There are 2 protein chains.
Amino acid sequence: MIVLDIKSRKPIYEQLTEKIKELIMHDVFQPDEQLPSVRQLAGELAINPNTIQKAYRELEREGFIYSLPGKGSFVKEQTSMANKQRVEQLKNELLALISEALYLGISKKEITELAEKAEQSVKGGKGID
Amino acid sequence: MIVLDIKSRKPIYEQLTEKIKELIMHDVFQPDEQLPSVRQLAGELAINPNTIQKAYRELEREGFIYSLPGKGSFVKEQTSMANKQRVEQLKNELLALISEALYLGISKKEITELAEKAEQSVKGGKGID
DNA sequence: TTAAGTGTATTATTTAAATTAGTACAGTTG
DNA sequence: CAACTGTACTAATTTAAATAATACACTTAA
């Protein structure tokens with residue numbers, strides 16, 4: 001299910017964080033569904049459990065999962081604007097990236113189209129507006 | 001003018017790349033204006049010339065500057081959709097970031113507002129659309 | 001209650017990346 | 001010619017990522 005590129009310059013835990021994030025956002029994992037355990041996933045991917053845990057810790061920090069010691073790690077259901085700090089950080093990153101896009105000649109219309117494309121593929125998230 | 005955080009987890013050359021990018025996008029540097037030389041900037045910031053060169057190489061790759069051996073490094077004037085590869089990469093990054101934003105509860109309206117805010121602060125770029 | 005699972009934490013070691021250091025070469029400019 | 005410029009290269013050092021090996025407290029089902 002999850003494939004890592006061991007030759008990539010990008011650290012394994014980052015690749016893992018991104019992939020799981022995508023699986024959650026595209027509803028491959030349902031809310032409150034249990035993720036593979038740290039040791040199990042480490043075995044499947046043939047990497048160290050500590051690296052898996054690092055990815056899970058990051059996913060928890062970013063508001064995608066929650067962990068219960070002794071039970072497991074689970075997909076977090078999205079409530080409205082759960083993680084304020086993370087949301088602020090994301091907005092800053094978006095502003096920087098959009099600025100660069102506009103500077104390099106991508107139009108505002110194209111960015112709006114990207115937002116609509118994203119909206120269709122991302123099922124999750126509370127319909128807030 | 002440029003301040004680096006030596007204690008940051010982010011590599012120095014990345015910090016430098018981002019800061020110079022911002023200065024160019026916000027018209028602190030004019031098109032075809034000469035940037036400080038590799039050695040001069042290394043002296044001012046008290047870091048190694050090789051690190052500066054790495055940042056300049058990245059800025060050149062991303063389409064923000066051009067370098068003439070023997071003469072110097074200069075701000076690149078933006079022509080319409082200059083660097084196709086970079087533009088495609090940027091769109092992919094934007095799509096991923098916008099998807100995450102939507103998932104975490106940021107509305108499409110907020111994203112549009114960010115785009116407008118960016119448009120005002122970024123003077124550069126050809127008015128293409 | 002016990003055995004096997006869970007997340008989490010710690011220390012040490014190894015491997016990979018970032019940074020520094022020193023030197024060199026070819027082109028430009030006054 | 002002298003003093004700049006970008007670029008390239010190798011070596012050494014420092015920092016970060018990843019592995020390895022345990023350990024502890026908690027949960028769950030046998």
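**A buried glutamine and a two-fold pair**

Good morning. I begin with one side chain: that of A:Gln78, which comes to 3.1 Å from the backbone oxygen of A:Gly63. Please bear in mind that we are looking at a predicted model.

Where does A:Gln78 sit in chain A? Its place is the loop that runs between strand E2 (72–75) and helix H4. Is A:Gln78 buried or exposed? Its relative accessible area is 7%, and a residue counts as buried when that value is under 20%; A:Gln78 is therefore buried.

Helix H4 leads us to the nonpolar core. H4 of chain A, residues 84–103, supplies 9 residues, the largest share of the largest nonpolar core. That core holds 69 residues. Which of them touch the most other members? They are A:Leu94, A:Ile98, B:Leu94 and B:Ile98. As a general remark, nonpolar side chains in soluble globular proteins tend to be buried together.

Let us take A:Ile98 as an example. Neighbours within four places in sequence aside, A:Ile98 contacts A:Ile111 in its own chain. Its contacts in chain B are B:Leu94, B:Ile111, B:Leu114, B:Ala115 and B:Ala118.

I turn finally to how the two chains are related. A turn of 180°, with a shift of 0.0 Å along the axis, lays chain B on chain A with an RMSD of 0.1 Å. The two copies are thus related as by a two-fold rotation axis. Which C-alpha of chain B is nearest the axis? It is that of B:Thr112, at 3.5 Å. Both copies use the same surface, for 100% of the contact residues of chain B recur in chain A.

Thank you for your attention.

Notes. Residues numbered from 1 in each chain as written. Chains lettered and ligands numbered in written order. Predicted model: local features only at pLDDT ≥ 70, side-chain atom pairs only at ≥ 80, totals over all residues. Heavy atoms only, no water. Least-squares fit on C-alpha atoms with pLDDT ≥ 70 in both. Contact = heavy atoms within 4.5 Å. Core = buried A, V, L, I, M, F, W, Y, C linked by side-chain atoms within 4.5 Å. Buried < 20%, exposed > 50% of the residue type's maximum accessible area, 1.4 Å probe, protein only. Helix = DSSP H or I, 4+ residues; strand = E, 2+ residues; numbered from the N terminus. Polar contact = N/O pair within 3.5 Å; in protein donor to acceptor, adjacent residues only side chain to side chain.
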